Amino acid sequence: MHLYIHIPFCHRICPYCSFYKHTPGNTDMKRFIDALLKEASMRLPGHPPVTTVYFGGGTPSMLSSTHLARLVEGLKAYANLSSIEEFSFEANPATFTAKKVCQWKNLGITRISLGIQSWDPGFLSMLGRTHTPEQARESIRLLRQAGMPQVNVDLMFSLPGQSIASWQDTLATTLEQNPDHISTYNLTYEEDTDFYRQHAAGLMESDMERDAAMFELAHNMLTEAGYRHYETSNYAREGALSRHNLAYWQGEDYIGLGPGAYSTVGRIRSFNTSDTTAYMDALLERNLVPEQREYLDDAAYRTERIGLLLRTDEGLPNSWLRPCDRPLVEELIREQMAARKHSGHLVLTGQGRLLVDEIAVELID
Ligand code: SF4
C-alpha cells in the first residue's frame, strides 16, 4: 500500500499552480497535525504494510522539525511503516538547512523532490519562484553532502518567450548537477490560475511547435546522458525510478491524507475537501473524514488505465485493447509512433510520445 500526505501550505503562490494550496495565514499547525493523525487513525488500520510514502503539496518542507517528527512518529501507530522502500518529500530550494536535511534522513526520508523549474533568473521571476539559481545549486549540494539517497529536480518548459537554446541551457545545467531523477513539465494554463487568466486575455502565448521541439530536445539530451525516459514527463537513472508514482500509473492502491488528497482502494476513489479549516473541523470536532466517494465503473477504470499506462515505457497490455482498436494500433506501428515490446505491450515511440493524450482519447472512444 502507498501513502500520500498533502501539506497545502506555501510561502507564496506561484501564478501557474493549480494544486490545492494556500499561505499558512494563522493556521494552527499543531491542530493541523492533530487532524492528519486523526485521519490516519480512521483510514490506515487494516491495510497492508506501506511500501512508499510521499509528502507533497504545497510545500512540505515548510513543516517545522517538531511538527514533522510528531507526524511521522504518530503515523506509526496506525500503519506498518517497517518495510518502506521509498520515502519522498517535496521541497523548495533555499527553504532548508543542512541540519534539517539530517533530520529528514533520520526520519527515514530517502528522496527529495526539488521544485527548481528553471536555472534562468528571468524565468524564475516569471514563475513567481523565490529562489535564485545559486540557491538551487546550494540546495542540491546540501542534500548530497548529507547523503540523501535520491534527488529529483522538477523543471518546466515552453515558457512564454523561452527559446530552444534557453531550454537546452536549462537541461545542460541540470545534467551538470547529476540528479538521480528529472521531471520535465510542459507549462499548461490551468483554470483558476493567474497564468490562465493572462493567457485568456492574450497576454501570454503558447506554441505547440515549441512544445514539441522542447519535449524532443529533453528526450534526446536526457536519454543520451543515460537517463531512462520511463514516463512522459519523467526520467531516471538506473534504480531511481519513482516507486510511488509508478504505483499510481500501475493502478496500485494508495491512501491520501490531508485537505485535497485523493485515495483509491480497489475501485473506490475518495477525495477530501479542499478546505483546510473545514478539513480540521470535521476531523477534530465531528470525528468525520470530510470526503466524497465515487465508484470507478468498468468504463471509468479502463479510461484511467489507458491514460496512465500509455504514458509509461512499460506500455499498455493487450488486454486493454478491443478488436476495434486494431486498425489504429496497426497505423501507429506503421507510422513508427508505437511499437510492441517483447511482453506484447503497446509502447509509444517518437512522435507518438508527444501525442499521448490524443492517442489515449482515440483508444478510449
Ligand atoms: S508550485 Fe509548489 S510552491 Fe508554487 S504554489 Fe504550487 S505548490 Fe506552492
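Is Arg 302 buried or exposed? Arg 302 counts as buried, because its relative accessibility is 15% and the cut-off for buried is under 20%. The structure discussed here is a predicted model, and this report goes from the whole chain to single residues, coming back to Arg 302 on the way.

## The whole chain

The protein chain has 14 helices and 14 strands. Its radius of gyration is 21 Å, close to the 21 Å that the globule rule gives for 365 residues, so the chain is as compact as a globular protein of that length. Along the principal axes, the C-alpha atoms fill a box of roughly 60 × 50 × 45 Å.

Of the 365 residues in the protein chain, 50% are buried. Contacts with a separation of 6 or more can be sorted by how far apart the partners are in sequence: 69% of them are between residues 24 or more positions apart.

The domain assignment gives two ranges, domain 1 (2-249) and domain 2 (315-364). The C-alpha centres of domain 1 and domain 2 are 30 Å apart.

## Around the ligand

Which residues surround the ligand? They are Cys 10, Arg 12, Ile 13, Cys 14, Tyr 16, Cys 17, Lys 21, Gly 57, Gly 58, Thr 59, Asn 92 and Arg 129. Sorted by class, this shell has five nonpolar, four polar and three charged residues.

Two members of the shell, Gly 57 and Gly 58, are joined by a cis peptide bond with omega at about 20 degrees. Most peptide bonds are trans. Gly 58 is placed in the loop between β2 (52-57) and α2 (65-75).

## Ser 61, in the loop between β2 and α2

Ser 61 is also located in the loop between β2 and α2. Ser 61 counts as buried because its relative accessibility is 1%. Ser 61 and Ala 91 are 30 residues apart in sequence, yet their C-alpha atoms are 5.0 Å apart in space. Leaving out residues up to four places away in sequence, Ser 61 touches Phe 89, Glu 90, Ala 91, Asn 92, Thr 95, Lys 100 and Trp 104. One of these, Asn 92, is also among the residues around the ligand.

## Polar contacts of four residues

The table lists one polar contact for each of four residues.

| Residue | Partner | Distance |
|---|---|---|
| Ser 61, side chain | Thr 95, side chain | 3.1 Å |
| Ser 233, side chain | Arg 311, side chain | 3.3 Å |
| Arg 302, side chain | Trp 320, backbone oxygen | 2.9 Å |
| His 345, side chain | Glu 314, backbone oxygen | 2.9 Å |

Ser 233 is in the loop between β7 (228-231) and β8 (234-236). With a relative accessibility of 9%, Ser 233 counts as buried. Apart from residues up to four places away in sequence, Ser 233 touches Ile 182, Ser 183, Thr 184, Tyr 185 and Arg 311. Arg 311 is thus named twice for Ser 233: in this list of contacts and as its side-chain partner in the polar contact.

Arg 302, the residue of the opening question, belongs to helix α11 (residues 298-309). Beyond residues up to four places away in sequence, Arg 302 touches Trp 320, Leu 321, Arg 322, Asp 325, Leu 363 and Ile 364. The range of domain 2 is 315-364, and these partners of Arg 302 include Trp 320 and Ile 364.

His 345 lies in the loop between β13 and β14 (346-348). What is the distance in space between His 345 and Gly 315, C-alpha to C-alpha? It is 5.3 Å, although His 345 and Gly 315 are 30 residues apart in sequence. Not counting residues up to four places away in sequence, His 345 touches Glu 314, Gly 315, Leu 316, Pro 317, Ala 339 and Arg 340.

## Two residues with positive phi

Most residues other than glycine have a negative phi. Asn 287 has a positive phi, near 55 degrees. Asn 287 is in the loop between α10 (276-286) and β12 (291-295), and its relative accessibility of 47% makes it partly exposed.

Gln 336 also has a positive phi, near 60 degrees. The loop that holds Gln 336 runs between α12 (326-334) and β13 (338-340). Is Gln 336 buried or exposed? Gln 336 is exposed, because its relative accessible area is 62% and exposed means over 50%.

Terms used. Residues numbered from 1 in each chain as written. Predicted model: local features only at pLDDT ≥ 70, side-chain atom pairs only at ≥ 80, totals over all residues. Heavy atoms only, no water. Helix = DSSP H or I, 4+ residues; strand = E, 2+ residues; numbered from the N terminus. Buried < 20%, exposed > 50% of the residue type's maximum accessible area, 1.4 Å probe, protein only. Polar contact = N/O pair within 3.5 Å; in protein donor to acceptor, adjacent residues only side chain to side chain. Contact = heavy atoms within 4.5 Å. Domains from an automatic or database assignment. Near = heavy atom within 4 Å. Nonpolar A, V, L, I, M, F, W, Y, C, P; charged D, E, K, R; others polar. Rg over C-alpha atoms; globule rule 2.2 N^0.38 Å.
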